[in-house]
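Biologist: I'd like to learn how to read a protein model. Could you walk me through one, feature by feature?
Modeller: Sure, let's put it on the screen and start.

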Amino acid sequence: MKATATANANIALTKYWGKRDKKLMLPNNGSVSMTVDGMHTKTTVEFSPSYEKDIFIINGKEIGEGNAYDKTVKHLDLIREKAGIREKAKVMTENNFPTAAGLASSASGFAAITLAASKAAGMNLDKRELSIIARRGSGSASRSIEGGFVEWQKGEKEDGSDSYGVQIAPPDHWGFRMIAVITSTAQKKVKSTAGMAQTVDTCPYYKDWLATVQGDIDAVKQGIADKDFTRVGSTAEYNALKMHATMITTKPPIIYWNDATMRIMHSVMGWRDSGLESYFTMDAGPQVKIMCLEKDVGEITKRLKDIEGIEDVVLCKPGEAARLVDDHLF
Ligand code: 2P0
């Protein structure tokens, strides 16, 4: 059976950084994100006795071994086990944005493969179940199953059955926008998984991160409910800086920012001081995501043209949940 799904990436307003269970991908802290419509993955999965091994093709290129292949096979195994099937699969996937450059490709990727593969395996899972399985592929993928504004609940249970993404506001809730500013499309040197593990193990301030995250989550959720842009933007920016402060102070240090990242951060702070309200957030990479209101997108996009070192700019509106589509990739 064959099925195709699309899933959007998401950008965290309060970050996921650190695991309490690496196998089940359970986080040390909850997080809140916006599913974004500008960056998505489309994936077709077919299980068939005619495949002798799992085949994985990403953006037209077959990946036959290595970390990405192994993670995909492991994820298919989880779904095969749940569905009670043994057939190998062909997986074809396409991203409309750079892979593994700190742009949440694993979030949209594992959300899309979870939905497509579970359907192709004959299952009709609800969003909670899909989110829990997507989480096993990549933690942040648990948030890309839902649309709009999403909270990934940390959960308390050891089996992870209460750690999944829930929608806190739909995509059309308000005119909150993110402008993803790409400063480098090179593959990053330290992947998120390794970066967060190193932070948990060696950063003396990680405990302070954990002590303050829930306050940020509560503030962002209240800000979204109240459509209070200042509260959401300022809390999200500060939360991102706190996360980066923990990575910068690991051994060895992890510094994802480049010159252009810094220029954009300073520009955003300057614009804000002069009345153009915007905030920044960065993930495990050098890209900057600028948060603003819809009315200011034009002015900010114009000002970005004067900043050196920007490779691309992607406007992101709140996006829809992952969904099944009819047009298969093969
Ligand atoms: C986030 N990041 O909340 C945080 C902020 C990066 C920085 O979720 O190890 O690719 O596969 O669970 O999901 C990226 O981490 O990591 C991420 P794994 P994932 O968006």
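Modeller: Keep in mind that this is a predicted model. Let's begin where two parts meet: the rule finds two salt bridges across the interface of domain 1 and domain 2. There are also eight residue pairs in polar contact across that interface.

Biologist: Which strands supply at least two residues each to the side of domain 1 that touches domain 2?

Modeller: Four of them do: β1 (2-14), β4 (31-48), β8 (149-152) and β9 (165-169). The largest share comes from β4, with seven residues. Sorted by class, that side of domain 1 has 16 nonpolar, 10 polar and five charged residues.

Biologist: And where do the domains start and end?

Modeller: The domain assignment puts domain 1 at 2-172 and domain 2 at 176-316. Their centres, taken over C-alpha atoms, are 23 Å apart.

Biologist: How do people put a number on an interface?

Modeller: The size of an interface is often given as the accessible area lost when the parts come together. Here, domain 1 and domain 2 bury about 3000 Å² between them, and 71% of that is on carbon and sulfur atoms. L13, K15 and W17 supply 29% of the area that domain 1 buries against domain 2, more than any other three residues. You can count residues too: 31 from domain 1 are in contact with 45 from domain 2.

Biologist: Can you show me what a salt bridge looks like?

Modeller: Find E151 and K221, which form one, with their closest N and O atoms 2.7 Å apart.

Biologist: What about the backbone? I've heard of odd angles.

Modeller: Most residues other than glycine have a negative phi, and most peptide bonds are trans. Now look at M25: its phi is positive, about 55 degrees, although it is not a glycine. You'll find M25 in the loop between β2 (19-21) and β3 (26-27). K227 has a positive phi as well, near 55 degrees, and isn't a glycine either. K227 is in the loop between α5 (206-226) and α6.

Biologist: How do M25 and K227 rank: buried, partly exposed or exposed?

Modeller: M25 counts as buried because its relative accessible area, 8%, is under the 20% cut-off. K227 has 47% relative accessibility, so it counts as partly exposed.

Biologist: Which residues does a cis peptide bond join?

Modeller: K251 and P252, with omega at about -10 degrees. P252 is in the loop between α6 (229-248) and α7 (259-273).

Biologist: Let's try a single residue. Where is H244, and which residues does it touch?

Modeller: H244 is in helix α6, and with 1% relative accessibility it counts as buried. Leaving out residues up to four places away in sequence, H244 touches Y256, W257, M282 and D283.

Biologist: One more, please! What does the side chain of T44 make a polar contact with?

Modeller: The side chain of T4, at 2.7 Å. The T44 side chain also reaches the backbone nitrogen of L329, at 2.8 Å. T44 lies in strand β4 and counts as buried, at 0% relative accessibility.

Biologist: So how would I describe the surroundings of T44?

Modeller: List what it touches, again leaving out residues up to four places away in sequence. For T44 that list includes K2, A3 and T4, then K90, V91 and M92, and finally H328, L329 and F330.

Definitions and conventions:
Residues are numbered from 1 along each chain as its sequence is written. This is a predicted model: local features need pLDDT of at least 70, side-chain atom pairs count only at pLDDT 80 or more; totals for chains, interfaces and linings use all residues. Side-chain values use heavy atoms; hydrogens and water are left out. Domain bounds come from an automatic or database domain assignment. Contact means heavy atoms within 4.5 Å. Buried area is the accessible area (1.4 Å probe) that two parts lose on being put together, summed over both. A salt bridge is a side-chain nitrogen of Lys or Arg within 4 Å of a carboxyl oxygen of Asp or Glu. A polar contact is a pair of N or O atoms within 3.5 Å; within protein, one must be able to donate a hydrogen and the other to accept it, and residues adjacent in sequence count only if both atoms are side-chain atoms. Helices (H or I, at least four residues) and strands (E, at least two) are DSSP runs, numbered from the N terminus. Ala, Val, Leu, Ile, Met, Phe, Trp, Tyr, Cys and Pro count as nonpolar, Asp, Glu, Lys and Arg as charged, and the others, Gly among them, as polar. Buried means under 20% relative accessible area, exposed over 50%, partly exposed in between (1.4 Å probe, protein chains only).
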